[in-house]
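These are my notebook entries on a single structure. I set down what I looked up, one topic at a time.

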Amino acid sequence: MESVPRTGFFGHPKGLGILFFVEFWERFSYYGMRAILLFYMYYSVTEGGLGLPMAMAQSIMSLYGALIFMTALLGGWLADRVLGSRRSLFIGATIIMLGHIVLSLPGGVPLFLLSMALIIIGSGLMKPNIANVVGGLYDKNDARMDSGFVIFYMSVNMGALASPMIVGQLQTTLGFHYGFAAAAIGMALALVVYAVYNRKSLGLVGKDIPNPLTEEEKGKYKKGAVVSVVALLAILAITYSTGILTFDTFSYFITGLGLILPIVYFLSMYRSTKTDATEKKRLLAYIPLFLSGVMFWSIQEQGSSILGTFADTKTQLDLSKVIGIDYTVPAAFFQSINPIFIVIFAPVISSLWGKLGKHNPSTAFKFTLGLFFAGISFLIMVIPTWGMVEGDKINPFWLILSFFLCVIGELCLSPVGQSATVKLAPKAFESTMLSLWLLSNATAQGLNAQLVRLYNVLDESQYFGFLGLMAIVLGIIILIISPWTKKMMGGIY
């Protein structure tokens, strides 16, 4: 592999800078669109929306997120066996841009569904592979890798910080489709910059295909793909004509996939003859980390669904009634709270891990901290929602505090989770392993699609209290078994 500069971007490989910029604009487009997507679905047609029921819109948000991360499995497989990470990244980014362009066009539900399909497919190709290229800039035992992923993670949140404010303001002043158009422009900028600078900054990192298909396998997979497409179309036609294909059926199917796919993917890597004994032990050590990720993302991702609706309908947005300022905050602005805190505190956490040196906490302990903070972020919401009745609205600072606590947990768990995934990955399944990490989010959001039903049965304080306690209990379990996890990692911490 052609070497890349060892430094050049704040003490990190030069290529981290170009990936930082690309991820910033891709996340600008994604989070800008997502900030108003929920409202677009349940606002009435006269308000510029699609007029869907609110509970259905919340469930669709979770299913949409789950499908984005599920397609990351296919994206990881294609990178490992057909395209390589760099080609997968570029193709995926192009498809994402097309999806945002379609969403910016007024066309009702049909164009909405087409745009979602394009963004889901494109994100599946891009998400695991840009992270894999970041990991490829470092040796596996390079002490800078954890802090490098934290810096990369900042790009995600800087894009996510700016976009809800810009897109949210466009939505409230001009309309939903102007906001979606801004997201499309952001994605186009990412593509242009990557096309111009990637060769010089990244060398051959991510160009190779780690486990290419043999000629025999190519023929087998082509036939399998054709048969699968035909079978899928037949199933859709039959279930639609018989009335079986309903939103609830689709929802249960995606949740089921979210539970089954991680098991299938894990077993395929564990049983592979290309995975040696040490790598198998590391895969076993990865199981508690994966389960922690599922629990954490289940809470964190509700910031755009349950808490997104809560901000719009049960939070006092008129600041004249809170701090005496004559301004009504667009509900979409709350989607910027999480990235604001990440941009502020990511350098602090990154610096802390570096300064601790040999006293740096283990990966398992960092995951425990992430779960504790996530649990507390929901438990704190029990206070303002206790005894809440129809028409009540809480002070927005409670919501800000909840987002803040979850952010601290996210900084302890998410960048470290990406880094640990790269370190623990079998050599033949590097992109696939990153897809498995992304699948922890898909599983969480698949579960969230059903938790929406629970939210509409329990009152808010019961719902927040239940999930908050679950996260803390799991964190305690992860802490108890951390010596075993550390041992199975085989020298990787």
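**Entry 1: valine 205**

I began with valine 205, which I found in the loop between α6 and α7 (215-242). I noted that the model is a predicted one. Is valine 205 buried or exposed? Its relative accessibility is 2%, and it therefore counts as buried, the limit being under 20%. I then looked up its separation from glycine 76: the two are 129 residues apart in sequence, and their C-alpha atoms are 16 Å apart in space.

**Entry 2: leucine 73**

I turned next to leucine 73, which belongs to helix α2 (residues 54-83). Leucine 73 counts as buried because its relative accessibility is 4%. Which residues does leucine 73 contact, once its neighbours within four places in sequence are left aside? I listed Leu261, Tyr265, Ser435, Leu436 and Leu439. I also looked up the separation of leucine 73 from phenylalanine 378, and recorded 305 residues in sequence and 30 Å in space, C-alpha to C-alpha.

**Entry 3: two serines**

I looked up serine 29 and placed it in helix α1. Its relative accessible area is 0%, so serine 29 is buried. Not counting residues up to four places away in sequence, serine 29 touches His100, Ala183 and Met187.

I then took serine 88, which lies in helix α3 (residues 85-103). Serine 88 has 0% relative accessibility and so counts as buried. With its neighbours within four places in sequence set aside, I found serine 88 in contact with Gly75, Leu78, Ala79, Leu83, Leu125, Met126 and Asn129.

**Entry 4: α3 against α4**

I reminded myself that two packed helices are described by the angle between their axes and the distance between the axes. For α3 and helix α4 (residues 108-136), I recorded an angle of about 155° and axes 7 Å apart. The angle is over 145 degrees, and therefore α3 is roughly antiparallel to α4. The crossing of α3 and α4 is left-handed. Sorted by class, the residues in the contact of α3 with α4 are 19 nonpolar, 10 polar and one charged.

**Entry 5: helix α10**

How many of the eight residues of helix α10 (residues 306-313) are buried? I found seven, which means that α10 is largely enclosed by the rest of the structure. The buried residues in α10 are Ile306, Leu307, Gly308, Thr309, Phe310, Ala311 and Asp312.

I then looked up how α10 packs with α14: the angle is about 160°, and the axes are 11 Å apart. With that angle, α10 is roughly antiparallel to α14. The crossing of α10 and α14 is left-handed. On the α10 side the contact is made by Leu307, Phe310 and Ala311, and on the α14 side by Leu399, Ser402 and Phe403. By class, I recorded five nonpolar, one polar and no charged residues in the contact of α10 with α14.

**Entry 6: aromatic pairs**

I noted that a pair of aromatic rings is described by the distance of the centres and the angle of the planes. The count for this structure comes to 24 aromatic pairs. One aromatic pair is that of tyrosine 40 and phenylalanine 176, with 5.3 Å from centre to centre and 55° between the planes, and I entered it as tilted. This pair links distant parts of the chain, since tyrosine 40 is in helix α1 (residues 15-42) and phenylalanine 176 is in helix α6 (residues 176-202), 136 residues apart. Tyrosine 40 is buried, with a relative accessible area of 3%, and phenylalanine 176 is buried, with a relative accessible area of 4%.

Why did I enter the pair of phenylalanine 341 and phenylalanine 404 as edge-to-face? The ring centres are 5.1 Å apart and the planes stand at 70°, so the pair falls under the edge-to-face heading, which requires over 60 degrees. This pair too links distant parts of the chain, with phenylalanine 341 in helix α11 (residues 337-356) and phenylalanine 404 in helix α14 (residues 396-424), 63 residues apart. Phenylalanine 341 is buried, with a relative accessible area of 17%, whereas phenylalanine 404 is partly exposed at 25% relative accessibility.

Finally, I looked up a cluster linked by ring pairs: its members are Phe39, Tyr40, Tyr42, Tyr43, Phe112, Phe176 and Phe180.

Terms used. Residues are numbered from 1 along each chain as its sequence is written. This is a predicted model: local features need pLDDT of at least 70, side-chain atom pairs count only at pLDDT 80 or more; totals for chains, interfaces and linings use all residues. Side-chain values use heavy atoms; hydrogens and water are left out. Helices (H or I, at least four residues) and strands (E, at least two) are DSSP runs, numbered from the N terminus. Buried means under 20% relative accessible area, exposed over 50%, partly exposed in between (1.4 Å probe, protein chains only). Contact means heavy atoms within 4.5 Å. Axes are lines fitted to C-alpha atoms, for helices over the stretch in contact, and angles run from 0 to 180 degrees between N-to-C directions. Angles under 35 degrees count as roughly parallel, over 145 as roughly antiparallel, 65 to 115 as roughly perpendicular and the rest as oblique. A crossing is left-handed if the near helix is turned anticlockwise from the far one by less than a right angle, and right-handed if clockwise. Ala, Val, Leu, Ile, Met, Phe, Trp, Tyr, Cys and Pro count as nonpolar, Asp, Glu, Lys and Arg as charged, and the others, Gly among them, as polar. Rings of Phe, Tyr and Trp (its six-membered ring) pair if their centres lie within 6.5 Å; planes under 30 degrees apart count as stacked, over 60 as edge-to-face and the rest as tilted.
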